[in-house]
Amino acid sequence: MSFNQRRPLSRLNRQPIENNWYVVVMLGLLFLFWVYARYIERVDIPLVTNWLNQTLPLLPTSRGLSFVLSFFHWKVLRHVIAVAVGWYFAYDAAVLLVRVLYDLPDKASAQKFLSRLLGMAGQTGNPPDVTPTTLANRSDSILLRVGGPGQVKVPPGHVMVTELNGRFQRILSAGKHALGRYEYIHAVLNLQPQRRTLDQFTAYSRDGIELRVGVSIVYRVKMGSQSATRDNPYPYDETAVRKAAYIQTVIDEKGTVATWEETPINMAKGTLIGILAGYRLDEIIFPERAGEEPYRTLRNELLRKLRVSLDNLGIDLQGVSIHRLDLPEGVTEQYIDYWKSHWESQMLLSLIDGQATEVEEMDIARAEAEITMIQAIQEGIQRARREGATIHMEEVVALRLVEALEMMARQSQQLSPLPKSLLPQLDNLRKQLGVGDVDPNLKLPGNSAS
């Protein structure tokens, strides 16, 4: 930046011109005018001496005393009185102008403020503490509303930021301080840890379900590299104080401005609303891992995001907690009905899928049974041929068929219950075929079971 670019900025923030000598200069000019008035009136000193002898015969007269008294001759005083009257009206006009410009309540307060501006009156007594509460009601004090000169006192645990010509001037720590002319108190910050709570606000989950949420945070102005000591229990970082002092956010249509004290909780609200919008309701209420807090993940994510945002504003976030996260009245019943219908549909789908699987398994089992029976018949024929017992081929085939039926019955018994008399009948039939004693009128159990 060049010198020509820096010069206007320095002019904006330069100190007001000191006028401590203007009273002496004005009195000197008045005295010169008084001398000039005596000169132009040409007061005769012998006439003044004779007047003194006649008025005060006992008073010793001299030429020097007559010369001094000549300045108070009525011919001279008429010029001085006119100047004094003009001076009075000029001062009265200045008081009226100050009262109008600064919207002061009465003439006395305007005279007092003008005297302070001119350096003719100082503040007496112990100055009151200037806290954020008193600064919020600055309209009650001319010093707080307009600015210096004057004395102020910063209470312990606080820090003050002042301006001059609408620009940052300096930072004042705890104690008494003298404000310069027109030095304006911009903000007073409480350096102690601050706790803010929002008991209830509305948020929405990713599936559009309304939630009632409560959050609280603890924060303070950043300390920087300093540490708290007995002599300095509330250290602060000047850059952080300057950033925090100028945090101003319009929060509604009425133009309400939130300072650094309200901004963190408003940011926590907005950040948490955005986080909840990324989760379904079941993910919020029922965590994935058993024994985990319902919204520990939400708190950790809120803490991480909010700490980064506030750090850029000169604020140190010390803690955050979500103390409420529930459904409003009426929504709970809707949520229960939704999940009831959801699980009913899931159960119906599972039932349909199970029935289809059962039918498919029965078809497969039937086909396998038919194949097994055919293989048993074929194997019985081949064995009878190998053994040369072609005369009793029907008995051999029937024996192999009964053995196959008995094997399939035992396998299917694990899936579905069978009649209690089925397996004994098959076993009895197999024994009869083994010894060749078969009742020709006996029906096969497989035919009755199929």
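How many residues of strand β5 are buried? Let's start there. β5 covers residues 184-190, and 6 of its 7 residues are buried, so to speak mostly covered. Before I go on, keep in mind that this is a predicted model.

Okay, what does β5 belong to? There's an open sheet of 3 strands, ordered β3-β2-β5, with antiparallel pairing. The edges are β3, residues 167-172, and β5; each has a single partner strand, so one side of each is left without a neighbour in the sheet. From one strand to the next, the twist averages 25°.

Now the pairings inside that sheet. β2, which is residues 158-164, pairs with β5 over 6 bridges, antiparallel. If you want a spot to click on, Val 161 stands opposite Ala 187 in β5. On the other side of the pairing list, β2 and β3 are joined in the antiparallel sense by 5 bridges, and there you can pick Met 160, whose bridge partner in β3 is Leu 172. Then there's a helix on this sheet: α9, residues 238-245, packs on it and touches β2, β3 and β5. The direction of α9 makes about 110° with that of β5.

On to the other sheet. Which strands make it up, and in what order? It's β6-β7-β10, 3 strands, open, and antiparallel in its pairing. Here β6 (194-204) and β10 (315-326) stand at the edges with a single partner strand each, so one side of each has no neighbour in the sheet. The twist averages 20° from one strand to the next. β6 and β7 run antiparallel and are joined by 9 bridges; one pair to look at is Phe 201 with its bridge partner in β7, Val 213. This sheet has a helix packed on it too, α10, which touches β6, β7 and β10. The angle between the directions of α10 and β6 is about 35°.

That brings me to the cores. Nonpolar side chains tend to be buried together in soluble globular proteins. In our model, the largest nonpolar core has 40 residues, and the members that touch the most others are Leu 189, Val 213 and Leu 276. β7 gives the largest share of this core, with 6 residues. So who does Leu 276 touch, leaving aside its neighbours within four places in sequence? Its contacts include Ala 203, Tyr 204, Leu 211, Val 213, Ile 284, Leu 298 and Leu 325, and also Ser 205 and Arg 206. There's a second, separate core as well, with 11 residues, among them Val 130, Leu 143, Leu 172 and Ile 185.

Last topic, aromatics. You describe a pair of rings by the distance of the centres and the angle of the planes. Searching the whole structure gives 2 aromatic pairs. One is Tyr 88 with Phe 89, edge-to-face, 5.5 Å centre to centre and 70° between the planes. Both Tyr 88 and Phe 89 are exposed. The other is Tyr 219 with Trp 260, also edge-to-face, with 5.9 Å between centres and 90° between planes. Why does that pair tie together separate parts of the chain? Because Tyr 219 lies in β7 (residues 210-221), whereas Trp 260 lies in the loop between β9 (257-258) and α10 (263-276), parts 41 residues apart in sequence. And Tyr 219 and Trp 260 are both buried, whereas Tyr 88 and Phe 89 are exposed.

How values were computed: Residues are numbered from 1 along each chain as its sequence is written. This is a predicted model: local features need pLDDT of at least 70, side-chain atom pairs count only at pLDDT 80 or more; totals for chains, interfaces and linings use all residues. Side-chain values use heavy atoms; hydrogens and water are left out. Rings of Phe, Tyr and Trp (its six-membered ring) pair if their centres lie within 6.5 Å; planes under 30 degrees apart count as stacked, over 60 as edge-to-face and the rest as tilted. Buried means under 20% relative accessible area, exposed over 50%, partly exposed in between (1.4 Å probe, protein chains only). Helices (H or I, at least four residues) and strands (E, at least two) are DSSP runs, numbered from the N terminus. A nonpolar core is a set of buried Ala, Val, Leu, Ile, Met, Phe, Trp, Tyr and Cys residues joined through side-chain atoms within 4.5 Å. Contact means heavy atoms within 4.5 Å. Two strands pair if DSSP finds at least two bridges between them. Axes are lines fitted to C-alpha atoms, for helices over the stretch in contact, and angles run from 0 to 180 degrees between N-to-C directions.
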